[in-house]
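Subject: Structure handover

Hello,

Here is the structure for you to open. My notes follow below it.

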Amino acid sequence: MTRLIHWVIAVAVILNLWVLEEGDDPHQISGYVALAATSLRIIWGFWGGPQSRFSAFPVSFFQLRTFIRNRGTQSPDQYPGHNPLASLVYLGMWFAICCLAITGWMMGLDAFWGDELLESIHGAIANALQALVVLHLLGIIMDSMKFRRSTWLSMFTGRRAPKV
């Protein structure tokens, strides 16, 4: 379920950020698909598998500080699921997607039609999401290079990344 949700979100985000025309019906539909998939992922974070649950996301300030300080020496097996930085990036992406859906929906309302401030906010959130996507991809590349394992492969196979 986690992989399916991941790829639905990924495709919808790629389409909306880099392919579809802003404001057109396909852009709006893709945004609502991203919101629905993100909502499912949030629900799955409470009832899904052990590594999909939010309880497996190490997001405390102490864990993040320790992770950043020890990045050069720690074992990749210290975190069976997501590491603290990856956890924050994922939560940030999901939050951004929800905010984009809300601001996008608001722009279609008569009360906010043509509101430049709302459009600017929507655009800034989209830019933040792009930055988070880049961080996500850089993290996967860095993990694969540093620990010589195919981290990215787990989103295709569902199995923990094997050493290369």
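How many helices and strands does the chain have? There are 6 helices and 0 strands. Helices (H or I, at least four residues) and strands (E, at least two) are DSSP runs, numbered from the N terminus. In sequence order the pattern reads α-α-α-α-α-α.

Before the details, some ground rules. This is a predicted model, in which local features need pLDDT of at least 70 and side-chain atom pairs count only at pLDDT 80 or more, while totals for chains, interfaces and linings use all residues. Residues are numbered from 1 along each chain as its sequence is written, and side-chain values use heavy atoms, with hydrogens and water left out.

Overall picture

The C-alpha trace spans about 55 × 30 × 30 Å along its principal axes. The chain has 164 residues, and 34% of them are buried. Buried means under 20% relative accessible area, exposed means over 50%, and partly exposed is in between (1.4 Å probe, protein chains only).

The accessible surface is about 10300 Å². Carbon and sulfur atoms hold 68% of that surface. The areas come from the Shrake-Rupley method with a 1.4 Å probe; for residues, only the protein chains shown count as cover.

Take the contacts in the chain with a separation of 6 or more: 57% of them join residues 24 or more positions apart. Contact means heavy atoms within 4.5 Å.

Charge is next. The chain carries 12 positive and 10 negative side chains. The centres of the two sets lie 31 Å apart. Lys and Arg count as positive, Asp and Glu as negative; His and the chain ends are not counted. Each charge is placed at NZ of Lys, CZ of Arg, CG of Asp or CD of Glu.

The second largest pocket

This pocket has a volume of about 790 Å³. Its lining has 32 residues. Gly23, His27, Gly104, Met107 and His122 lie nearest its centre. Four elements give two or more residues to the lining: α1 (2-19), α2 (25-47), α4 (84-107) and α5 (116-147). The largest share, 7 residues, comes from α5.

The pocket search runs on a 1 Å grid over the protein atoms alone. A pocket is an open set of points with protein on both sides within 12 Å along at least five of seven lines, and lining residues have an atom within 4 Å of a point. Grid points are joined across faces, edges and corners, and the volume is the space filled by probe spheres set on the points.

Residues in α4

Three residues of this helix are worth a look. Ser87 lies in α4. It is buried, with a relative accessible area of 0%. Leaving out residues up to four places away in sequence, Ser87 touches Phe57, Pro58, Val59 and His82.

Ala96 is also in α4. Why does Ala96 count as buried? Because its relative accessible area is 6%. With the sequence neighbours up to four places away set aside, Ala96 touches Ile125 and Leu129. Ala96 and Ile141 are 45 residues apart in sequence, and their C-alpha atoms are 23 Å apart.

Thr103 sits in α4 too. Its relative accessibility is 8%, so Thr103 counts as buried. Beyond its neighbours within four places in sequence, Thr103 is in contact with Leu118, Ile121, His122 and Ile125.

Residues in α2 and α5

Is Ile29, in helix α2, buried or exposed? Ile29 is exposed, at 55% relative accessible area. From Ile29 to Met107 is 14 Å, C-alpha to C-alpha, with their positions 78 residues apart in sequence.

Gly139 belongs to helix α5. At 32% relative accessibility, Gly139 counts as partly exposed. Trp152 is 13 residues from Gly139 along the chain, and their C-alpha atoms are separated by 10.0 Å.

Best wishes

Note on methods. On a 1 Å grid over the protein atoms alone, a cavity is a set of points where a 1.4 Å probe fits but cannot get out, and a pocket is an open set with protein on both sides within 12 Å along at least five of seven lines; lining residues have an atom within 4 Å of a point.
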